[in-house]
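Here is a friendly briefing on the open spaces, sheets and ring contacts of one protein model. Keep the structure open beside you while you read.

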Amino acid sequence: MRRQAPTSWIRKAALVLAFTCALAFPSAAQDKSWQIDLAAWRAQHARELQKPDGWLALAGLEWLDPGDNPFGSGRDNKIHLPAGGPDHLGILRLTGTTVTLGPPPGGFPQGFLIDGKPAQPGDLHTDPDHDKNNPRMTVGGLNVYVVHRGNRFALRIKDAKSPTLTGFHGLKWYPPNAAYRVTAHWMPYVPPKSATLVTLIGTSYSQPVPGAAEFTLHGQKYRLEPVLEDPAVAKLFFILRDTTSSTTTYGACRFLYTGLPSNGLDKAGELVLDLNRLENPPCAYTAFATCPLPPPQNRLKIPLPVGELRYHQ
């Protein structure tokens, strides 16, 4: 029998090696792309927190009493704003479920704006437990607005010179781990059900739950339920807790925002849950935030050693 020339074996080995590399390259490239995207998201998350009106700027939450609530940096106000602003900014009058803005003696100070326009007396719109559309009152580096929590109203105060913002020392994260980027089976609730979320300050509010995401992690199945914060925004909001909450991550919970399932909210489909994007709630950085707590079904009895670590030790 004629022996095959050694060069044939070399060619075959080279072809096998090239084929193997071709198969492996897309996976390696995808992993590299995922890590780049994750790093970019984490950097953007830190930038959002550091905005002059971001969560790190939160400097106060002052509850309104029925009747008149004068506010400004002067000590004779019922609500005290950080020093450096006008002594008397305005008067918030709470009547039932209506909050009205009125001028202080002498009128509104120069530079006091509501949503970018010179301040005028009138009612201040407030959505229960959602603040996106509530009018922003600004002057200098101060940004204040009224929030509605349960049956109570408060003035939320943000200060571009807040010690929490100026003393920001960076975020801490677990190393990226692709094993915690899972594809879940989306099971819609038709019709959607409703869940009552309790907050850290003891208030509660109702949110729509459009379905559940079921996934497998380390050979075990788990199920999480998101809420739909804003039907106009294509995002699902998961509030969850795991056993790292008692050791390395924020004690109350962490948040995870995702896109919508592959076939929409009302059809079965797939949903990517990248647990590496678990982030701290605003309450992890400041005592003046009002954060929802995870519902019982989202309190996992396993560790999720990925995502954001505790900000304060």
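The second largest pocket is lined by Trp34, Asp37, Arg181, Leu256, Tyr257, Thr258, Val272, Leu273, Asp274 and Arg277. Helix 1, strand 16 and strand 17 (269–274) each give two or more residues to that lining. This is a predicted model, in which local features need pLDDT of at least 70 and side-chain atom pairs count only at pLDDT 80 or more, while totals for chains, interfaces and linings use all residues. Residues are numbered from 1 along each chain as its sequence is written, and side-chain values use heavy atoms, with hydrogens and water left out.

**Pockets and the cavity**

- A few terms help here: on a 1 Å grid over the protein atoms alone, a cavity is a set of points where a 1.4 Å probe fits but cannot get out, a pocket is an open set with protein on both sides within 12 Å along at least five of seven lines, and lining residues have an atom within 4 Å of a point.
- A volume is the space filled by probe spheres set on the grid points, which are joined across faces, edges and corners.
- The second largest pocket holds about 160 Å³ of space, and its lining has five nonpolar, one polar and four charged residues (nonpolar: Ala, Val, Leu, Ile, Met, Phe, Trp, Tyr, Cys and Pro; charged: Asp, Glu, Lys and Arg; polar: the others, Gly among them).
- The largest pocket has a volume of about 1600 Å³.
- Among the 44 residues lining the largest pocket, Trp55, Glu229, Lys235, Tyr257 and Pro282 are the closest to its centre.
- Helix 1 provides the largest share of that lining, five residues.
- The search of the whole structure finds one cavity of 30 Å³ or more, and the largest cavity holds about 50 Å³.
- Strand 15 gives the most to the lining of the largest cavity, with three residues.

**Sheets**

- Helices (H or I, at least four residues) and strands (E, at least two) are DSSP runs numbered from the N terminus, and two strands pair if DSSP finds at least two bridges between them.
- One open sheet has six strands in the order 1-11-10-9-6-7, with antiparallel pairing.
- Strand 1 (58–63) and strand 7 (117–118) are at its edges with a single partner strand each, so one side of each has no neighbour in the sheet.
- Another open sheet has five strands in the order 3-2-4-5-8, with mixed pairing.
- Strand 4 and strand 5 pair in the antiparallel sense over five bridges, and the bridge partner of Leu92 is Leu101 in strand 5.

**Rings and charges**

- The whole structure has seven aromatic pairs (rings of Phe, Tyr and Trp, its six-membered ring, with centres within 6.5 Å; planes under 30 degrees apart are stacked, over 60 edge-to-face and the rest tilted).
- Trp41 and Trp173 form an edge-to-face pair, 5.6 Å centre to centre with 65° between the planes.
- Trp41 is in helix 1 and Trp173 in the loop between helix 2 (163–166) and strand 12, so the pair ties together parts 132 residues apart in sequence.
- Trp41 is buried, with a relative accessible area of 19% (buried is under 20%, exposed over 50%, partly exposed in between, with a 1.4 Å probe and protein chains only).
- The ring centres of Phe237 and Tyr257 are 4.7 Å apart and the planes are at 10°, so this pair is stacked.
- Phe237 counts as buried at 3% relative accessibility, whereas Tyr257 is partly exposed at 31%.
- The charged end of Lys235 sits over the ring of Tyr257, 5.7 Å from its centre (NZ of Lys or CZ of Arg within 6 Å of the ring centre and within 35 degrees of the ring normal).
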